[in-house]
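Please take me through this structure one selection at a time, and tell me what there is to see at each stop.

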Amino acid sequence: MATVQFAEVKKSFGAFPVIKGVNIDIEDGEFVILVGPSGCGKSTLLRMLAGLENISGGEIRIGGRQVNNLPPKERDIAMVFQNYALYPHMTVAKNMAFSLMLNSAPQAEIDKRVNYAAGILGLTNLLDRYPRQLSGGQRQRVAMGRAIVRDPQVFLFDEPLSNLDAKLRVAMRAEIKELHQRLKTTTVYVTHDQIEAMTMADKIVVMHDGRVEQIGSPLELYDRPNNLFVAGFIGSPAMNMIKGRLDPQDPMHFVAKDGTRLPLTRAYANAAGRDLVYGLRPEYIRLDPNGYSVPVVVTEPTGYETQMVVQFGGAEVSCVFRERIPARPGENISINIDAEHVHLFDEQTGMRLTA
């Protein structure tokens, strides 16, 4: 196991910069997820850590050792790819053992490590099969087993679940998290799926346009997003955002652009006269017969909850109710908000304001 550090790491393809001075510290044994939209640079950062891409500036350290110019085989890492990358002519056992065979490890050691990894991953009865005889989830387990047998300092996962169906992704999320809890090996995992990030990570690194927007635990990012990008990216449904300004006569109320007055529970210094965004998570909107009457735009019953989109404050606002609500699009419901959980953002800079 080892620490990992990115210090002012940069990457350019020709004159086009894709990584713009990234700083990340990963502790020994942490499960860290790099998350962000397509093109944000997360996979490029992982490939630089693996040694598959050269860096244009800065420093990468694994276990305190600078690895900028080391080839991948000398970095003591193991990578699990999106497409499994299994050898079709080799059995599961030989796929898992391949790196050890290349290093001329004793056969007894190879068998010991393969059987250990197979036992952890539930592959013991599949060791004599070929990849074509396996399901997608089983193939992904074999790819993970191939990484485990190397006993590396760091595991790298590059969107390993994106080729799986929705139900299997949920199951594999739990398996990977349980695997990390057993092995306690430093893990860096890349995904564009913020649900994966929220449910699996010890620490999340949110990236956007080649930069780190925020680093923190899943609940820190959810409850205290630094800016509008993080607030909108983390959470499903996303945080609601209503544009407007503080009421000049009453700074404890926010006035949306359509004139709707929304409550605040804290005073915000230097917010008067600025274009603001009123941010509220969907679960902090509740049914209230004495509240705001709003028209329903979309109803999405899921069984255990009802998700709705309503027209409110000049914007389409998502709500999550535990009740089963029969309201149809075009009908009105009455809602209120839990102002204790409101965030205010500066519309121009995107940064969250502090009270």
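Before the first selection, one term has to be fixed: two strands are said to pair if DSSP finds at least two bridges between them. With that in mind, and remembering that this is a predicted model, select strand 14, residues 276-280, together with strand 19, which are joined by four bridges and run antiparallel. Within this pair, Val277 has Phe345 of strand 19 as its bridge partner.

Now widen the selection to the sheet around that pair, where five strands follow one another in the order 13-12-11-14-19, forming an open sheet with antiparallel pairing. Strand 13 (261-263) and strand 19 (343-346) are at the edges and have a single partner strand each, so one side of either strand is left without a neighbour in the sheet. From one strand to the next, the twist averages 45 degrees.

Stepping back to the whole chain, you will find eight helices and 19 strands, and a C-alpha trace that spans about 80 × 45 × 35 Å along its principal axes. Of its 355 residues, 49% count as buried, and among contacts with a separation of 6 or more, 66% are between residues 24 or more positions apart.

Next, select helix 1, residues 42-50, which is mostly covered, with seven of its nine residues buried. Lys42 and Thr44 are among the buried residues, as are Leu45, Leu46, Met48, Leu49 and Ala50. Just after this helix, look at Gly51, which takes a positive phi of about 90 degrees.

The next stops concern empty space. Rolling a probe the size of a water molecule over the atoms shows where such space is left.

Where should you look for the residues closest to the centre of the largest pocket? This pocket has a volume of about 500 Å³, and of the 18 residues that line it, those closest to its centre are Ile77, Ala78, Met79, Ser99 and Arg150. Select strand 6 (77-80), helix 2 (92-102) and helix 4 (136-148) as well, since each of these elements supplies at least two residues of the lining. When the lining is coloured by class, it shows 13 nonpolar, two polar and three charged residues.

Turning from the pocket to enclosed space, a search of the whole structure finds two cavities of 30 Å³ or more. The largest cavity has a volume of about 50 Å³, and to display its lining you should select Phe31, Phe155, Phe157, Ile176, Leu179, His180, Leu183, Lys184, Thr185 and Thr187. Strand 7 (154-158) and helix 5 (166-183) are the elements that give two or more residues to this lining, and helix 5 gives the most, with four residues. By class, the residues of this lining divide into six nonpolar, three polar and one charged.

For the last stop, select Asn240, Ile242, Leu262, Tyr278, Leu280, Ile285, Phe312, Val317 and Ile337, which line the second largest cavity. Strand 11 (240-247) and strand 14 are the elements that give two or more residues to its lining, and the tour thereby returns to two strands that belong to the open sheet. About 40 Å³ of space lies in this second largest cavity, whose lining has eight nonpolar residues, one polar residue and no charged residues.

Note on methods: Residues are numbered from 1 along each chain as its sequence is written. This is a predicted model: local features need pLDDT of at least 70, side-chain atom pairs count only at pLDDT 80 or more; totals for chains, interfaces and linings use all residues. Side-chain values use heavy atoms; hydrogens and water are left out. On a 1 Å grid over the protein atoms alone, a cavity is a set of points where a 1.4 Å probe fits but cannot get out, and a pocket is an open set with protein on both sides within 12 Å along at least five of seven lines; lining residues have an atom within 4 Å of a point. Grid points are joined across faces, edges and corners, and a volume is the space filled by probe spheres set on the points. Ala, Val, Leu, Ile, Met, Phe, Trp, Tyr, Cys and Pro count as nonpolar, Asp, Glu, Lys and Arg as charged, and the others, Gly among them, as polar. Axes are lines fitted to C-alpha atoms, for helices over the stretch in contact, and angles run from 0 to 180 degrees between N-to-C directions. Buried means under 20% relative accessible area, exposed over 50%, partly exposed in between (1.4 Å probe, protein chains only). Contact means heavy atoms within 4.5 Å.
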